[in-house]
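I opened this notebook to record what I looked up, one topic at a time. The structure comes before the entries.

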Amino acid sequence: MSASLSLLLPSTPLPPLRAEFCWYRSSPGQDYEVGLFRREFSIDSVDVPRRIAVTADNRYVLWLNGEIIGRGPLRGTLEAYQVECYDLRPRLRRGRNVLAAEVRWMGEDTPAAEIHSRWPGWWLQDIDGTELDTPGQWSAFADTSVRPNHAPPFSNVHTFLGRLDR
């Protein structure tokens, strides 16, 4: 098992939902977009529990202090959206810590094999507190360097798997 998978907490009950989905702008789009999210926080002790619940529409990669700790979400439906829970404690440092996420929203390029909303979004809820909840004090930016690849050799694959990156 990889080090980052060891932070995943299977079958963790979710607390009452409090955090909100957020994005780097307030209106939806139709095109492929990549949002970058960052949240700095400080802790006095690494012995205090620090668990988070995370999801995104469509995909996320999550880092803690520069190390990938998770990817997701698993496939679901709008009625039963998947949320992953992580235990941050093994990777926390006393003092300053940084959570960061890259969230990709495929827009009209969403694969037919998945169900997603018409709104991009990033969602994180602090299970052991409220400090890390989105939108809160998260910084959000657009990453315009990544675009979908509409090249012909992959046109049929796009229908089922979504666009590759360019």
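Entry 1, pairing. Before reading the sheet I noted the criterion, namely that two strands pair if DSSP finds at least two bridges between them. With that in hand I looked up β2 and β7, and found that they pair in the antiparallel sense over 6 bridges. I then turned to β2 (residues 51-57) and β5, which also run antiparallel and are joined by 4 bridges. I keep in mind throughout that this is a predicted model.

Entry 2, the sheet. I wrote down the order β5-β2-β7 for an open sheet of 3 strands with antiparallel pairing. Because β5 and β7 each have a single partner strand, they stand at the edges, and one side of each is left without a neighbour in the sheet. The average turn of neighbouring strands against each other in this sheet, with direction ignored, comes to 25 degrees. I also followed alanine 53 to its bridge partners, which are cysteine 85 in β5 and glutamine 125 in β7.

Entry 3, strand β5. I asked myself which way the side chains of residues 84-87 point from this strand. Glu84 and Tyr86 point one way, Cys85 and Asp87 point the other way, and all of them are buried. I set beside this the general rule that in a regular strand the side chains alternate between the two faces of the sheet.

Entry 4, cysteines. How many disulfides does a search of the whole structure find? The search returned 0 disulfides, so I looked up how two cysteines are placed with respect to solvent. Cysteine 22 has a relative accessible area of 14% and is therefore buried, the cut-off being under 20%. Cysteine 85, at 5%, is likewise buried.

Entry 5, the overall picture. I counted 1 helix and 10 strands in the secondary structure of the protein, and along the sequence I read the pattern β-β-β-β-β-β-β-β-β-α-β. Of the 166 residues, 43% count as buried. The protein exposes about 9200 Å², of which carbon and sulfur atoms supply 53%. Taking contacts between residues at least 6 apart in sequence, I found that 77% join residues at least 24 apart.

Entry 6, aromatic rings. The structure holds 5 aromatic pairs, and I listed one aromatic cluster formed by Trp23, Tyr24, Phe37, Tyr60, Trp122 and Trp138.

Entry 7, backbone exceptions. I began from the general expectation that most residues other than glycine have a negative phi and that most peptide bonds are trans. The peptide bond from aspartate 57 to asparagine 58 is cis, with omega near 15 degrees, and asparagine 58 lies in the loop between β2 and β3 (59-64). Another cis peptide bond joins threonine 134 and proline 135, where omega is about 0 degrees, and I located proline 135 in the loop between β7 and β8. Asparagine 65, although not a glycine, has a positive phi of about 50 degrees; this asparagine 65 sits in the loop between β3 and β4 (67-72) and is buried, with a relative accessible area of 16%.

Entry 8, threonine 130. Is this residue, threonine 130, buried or exposed? At 52% relative accessibility, threonine 130 counts as exposed, because the cut-off is over 50%. I placed threonine 130 in the loop between β7 (121-126) and β8 (139-142). Its C-alpha atom is separated by 8.6 Å from that of arginine 18, although threonine 130 and arginine 18 are 112 residues apart along the chain.

Methods
Residues numbered from 1 in each chain as written. Predicted model: local features only at pLDDT ≥ 70, side-chain atom pairs only at ≥ 80, totals over all residues. Heavy atoms only, no water. Buried < 20%, exposed > 50% of the residue type's maximum accessible area, 1.4 Å probe, protein only. Contact = heavy atoms within 4.5 Å. Areas by Shrake-Rupley, 256 points an atom, 1.4 Å probe, with all protein chains shown as cover. Disulfide = S-S within 2.5 Å. Axes fitted to C-alpha atoms, helices over the stretch in contact; angles between N-to-C directions. Phe/Tyr/Trp six-rings, centres within 6.5 Å; stacked < 30°, edge-to-face > 60°.
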